[in-house]
Amino acid sequence: MLVVTHEMGFAKKVAHRIIFMDEGRIVEEGTPETFFSNPKETRTRYFLSKILVH
């Protein structure tokens with residue numbers, strides 16, 4: 001099943017794999033653990049810094 005969401009808490013809980021897209025292009029993909037703890041791409045890190053409350 002494919003689910004599209006901006007609710008990162010939900011995605012982190014239920015996803016087996018996360019694909020982050022920007023302007024129709026895949027920027028990054030990986031497991032929730034990798035995506036949230038060690039994103040590789042600058043665009044992903046920027047998005048997470050604006051969305052996630054630390």
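Thr 5 touches Phe 10 and Ala 11 when residues up to four places away in sequence are left out of account. In this predicted model, Thr 5 is placed in the segment before H1. The relative accessible area of Thr 5 is 27%, so this residue is classed as partly exposed, between the limits of 20% for buried and 50% for exposed. Between the C-alpha atoms of Thr 5 and Thr 34, which stand 29 residues apart along the chain, the separation is 18 Å.

Thr 5 also belongs to the lining of the largest pocket, where Val 3, Val 4, Thr 5, Ile 18 and Ile 19 are the residues nearest the centre. Rolling a probe the size of a water molecule over the atoms shows where empty space is left. The largest pocket holds about 670 Å³ of space, and its lining comprises 19 residues. Of the lining residues, 15 are nonpolar, 3 are polar and 1 is charged. At least two lining residues come from helix H1, spanning residues 8–14, and at least two from strand E1, spanning residues 18–22.

The segment before H1 also contains Glu 7. With a relative accessibility of 55%, Glu 7 lies above the 50% limit and therefore counts as exposed. Glu 7 and Leu 52 are separated by 45 residues in sequence, while their C-alpha atoms lie 9.7 Å apart in space.

Within helix H1, Val 14 was examined as a further position. Val 14 has a relative accessible area of 47% and is therefore assigned to the partly exposed class. Its C-alpha atom is separated by 9.9 Å from that of Val 3, a residue 11 positions away along the chain. Val 3 is in turn one of the residues that lie nearest the centre of the largest pocket.

At the level of the whole fold, the protein chain contains 3 helices and 2 strands. The order of these elements along the sequence follows the pattern α-β-β-α-α. The loop between E1 and strand E2, the latter covering residues 25–30, includes Glu 23. Glu 23 is not a glycine, yet its phi is positive, at about 55°. Most residues other than glycine have a negative phi. The relative accessibility of Glu 23 is 73%, so this loop residue counts as exposed.

Pro 32 is located in helix H2, which consists of residues 32–37. The relative accessibility of Pro 32 is 6%, and because this value falls under the 20% limit, the residue counts as buried. Leaving aside residues up to four places away in sequence, Pro 32 touches Lys 12, Ala 15, His 16, Arg 17 and Ile 18. Ile 18, one of these contacts, is also among the residues nearest the centre of the largest pocket. The C-alpha atoms of Pro 32 and His 6 are 14 Å apart, with their positions 26 residues apart along the chain.

Overall dimensions were computed for the complete chain. A compact globule of 54 residues would have a radius of gyration near 10 Å, and the value of 10 Å for the protein chain therefore agrees with that expectation. Along the principal axes, the C-alpha atoms occupy a box of roughly 25 × 25 × 15 Å. Of the 54 residues in the chain, 24% are buried. The exposed area of the protein chain is about 4,600 Å², of which 55% is supplied by carbon and sulfur atoms. Where contacts join residues at least 6 apart in sequence, 18% of them link residues at least 24 apart.

Conventions:
Residues are numbered from 1 along each chain as its sequence is written. This is a predicted model: local features need pLDDT of at least 70, side-chain atom pairs count only at pLDDT 80 or more; totals for chains, interfaces and linings use all residues. Side-chain values use heavy atoms; hydrogens and water are left out. On a 1 Å grid over the protein atoms alone, a cavity is a set of points where a 1.4 Å probe fits but cannot get out, and a pocket is an open set with protein on both sides within 12 Å along at least five of seven lines; lining residues have an atom within 4 Å of a point. Grid points are joined across faces, edges and corners, and a volume is the space filled by probe spheres set on the points. Helices (H or I, at least four residues) and strands (E, at least two) are DSSP runs, numbered from the N terminus. Ala, Val, Leu, Ile, Met, Phe, Trp, Tyr, Cys and Pro count as nonpolar, Asp, Glu, Lys and Arg as charged, and the others, Gly among them, as polar. The radius of gyration is taken over C-alpha atoms; the globule rule is 2.2 Å times the number of residues to the power 0.38. Buried means under 20% relative accessible area, exposed over 50%, partly exposed in between (1.4 Å probe, protein chains only). Contact means heavy atoms within 4.5 Å. Accessible areas come from the Shrake-Rupley method with a 1.4 Å probe; for residues, only the protein chains shown count as cover.
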